[in-house]
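Subject: Structure handover

Hello,

Here is the structure I promised to pass on. Please open it alongside this note, then read on for what turned up.

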Amino acid sequence: MTDNSNPYQSPAADTQNRPTLDNPALASRWYRFFGALIDGLVQLAIIGPIVFFSGTWADMMANNGALDLTATLVWFIVGEVIFLALQGWLLFNRQQTIGKWLLGMKIIGMEQLDVPPGKLYGLRYLLFHVLAQVPGINLVMLVDPLLIFRGDRRCLHDLLASTQVIQVPASR
């Protein structure tokens, strides 16, 4: 029994919001932003020179920034292959991308910690890469990151894949 009028009583600990194995600490919005920025810059560092030196950049500039459907499909596939070459091992084995790994974050499932690879890549990445190519529908790419401002910090791709991004404890 505690006496609330005792000024020398030790303060009560707030154990309700403390991270545990069952309730891990969510990754901060800023960490997730910088993780996505790192991932995008890594992808750009690889695909940018390829686009430039292949002549595709010159073709786009000659056509007001547009490519024909065939070239768009080819570059989409090239982009996905490069994404998987860069991120695949970390994504499928550790449920992290390069940015998440550098900043100490990890993707986990809402029902179970390990997320199946098809769900992890297909719903979190591939679906949104495809939607980004479709005029009009690509506006979903503006809504997706804005959902991080919800209380559970889950974006649209997290909701679809039943995932969340957590901060990995330093000891792991």
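Start at Gln95. This residue is buried, because its relative accessibility is 6%, below the 20% limit for that class. Keep in mind throughout that the model is predicted.

Where does Gln95 sit? Its place is the loop between helix 3 (69–94) and helix 4 (98–102). What does its side chain meet? A polar atom of the Gln95 side chain lies 2.5 Å from the backbone oxygen of Ile107. Leaving aside residues up to four places away in sequence, Gln95 touches Leu90, Lys106, Ile107, Ile108, Leu113, Asp114, Val115 and Leu120.

Strand 1

Ile107 leads on to strand 1, residues 105–109. Four of the five residues of strand 1 are buried, so the rest of the structure largely encloses this strand. Its partner is strand 2 (residues 163–167). The two pair in the antiparallel sense, over five bridges. Met105 stands opposite Gln167 in strand 2.

The core

Which residues make up the largest nonpolar core? There are 10 in all: Ala27, Phe83, Leu91, Met105, Ile107, Val115, Leu120, Tyr121, Tyr125 and Val165. Helix 3, strand 1 and helix 5 (117–131) each supply at least two of these residues. Helix 5 gives the largest share, three residues. In soluble globular proteins, nonpolar side chains tend to be buried together.

Three core members, Ile107, Val115 and Leu120, are also among the contacts of Gln95. Phe83 is another core residue to look at. Not counting residues up to four places away in sequence, Phe83 touches Gln43, Gly88, Leu91, Tyr121, Tyr125 and His129. Of those, Leu91, Tyr121 and Tyr125 are listed in the core.

Aromatic pairs

How many aromatic pairs does a search of the whole structure find? The count is six. One of them is Trp30 with Phe33: the ring centres are 6.0 Å apart and the planes stand at 90°, so this pair is edge-to-face. Both residues belong to helix 1 (residues 29–53). They are three residues apart there, which means a separation of about one helical turn. Trp30 is exposed, at 60% relative accessibility. Phe33 is partly exposed, with a relative accessible area of 45%.

Phe52 and Phe53 form an edge-to-face pair as well, because their planes are at 85°, and the cut-off for that class is over 60 degrees. Their ring centres are 5.1 Å apart. Phe53 is exposed, with a relative accessible area of 69%. Ring pairs also link Trp30, Phe33 and Phe34 into a cluster.

The whole protein

Now the overall picture. The protein has seven helices and two strands. Along the sequence they follow the pattern α-α-α-α-β-α-α-α-β. Of its 172 residues, 29% count as buried. The accessible surface comes to about 11400 Å². Carbon and sulfur atoms account for 66% of that surface. Take the contacts between residues at least 6 apart in sequence: 64% of them join residues at least 24 apart.

To go back to the start: Gln95 is buried in the predicted model, and its side chain has a polar atom 2.5 Å from the backbone oxygen of Ile107. Ile107 is itself part of the largest nonpolar core.

Best wishes

How values were computed. Residues numbered from 1 in each chain as written. Predicted model: local features only at pLDDT ≥ 70, side-chain atom pairs only at ≥ 80, totals over all residues. Heavy atoms only, no water. Buried < 20%, exposed > 50% of the residue type's maximum accessible area, 1.4 Å probe, protein only. Polar contact = N/O pair within 3.5 Å; in protein donor to acceptor, adjacent residues only side chain to side chain. Contact = heavy atoms within 4.5 Å. Areas by Shrake-Rupley, 256 points an atom, 1.4 Å probe, with all protein chains shown as cover. Pairing = 2+ DSSP bridges. Core = buried A, V, L, I, M, F, W, Y, C linked by side-chain atoms within 4.5 Å. Phe/Tyr/Trp six-rings, centres within 6.5 Å; stacked < 30°, edge-to-face > 60°.
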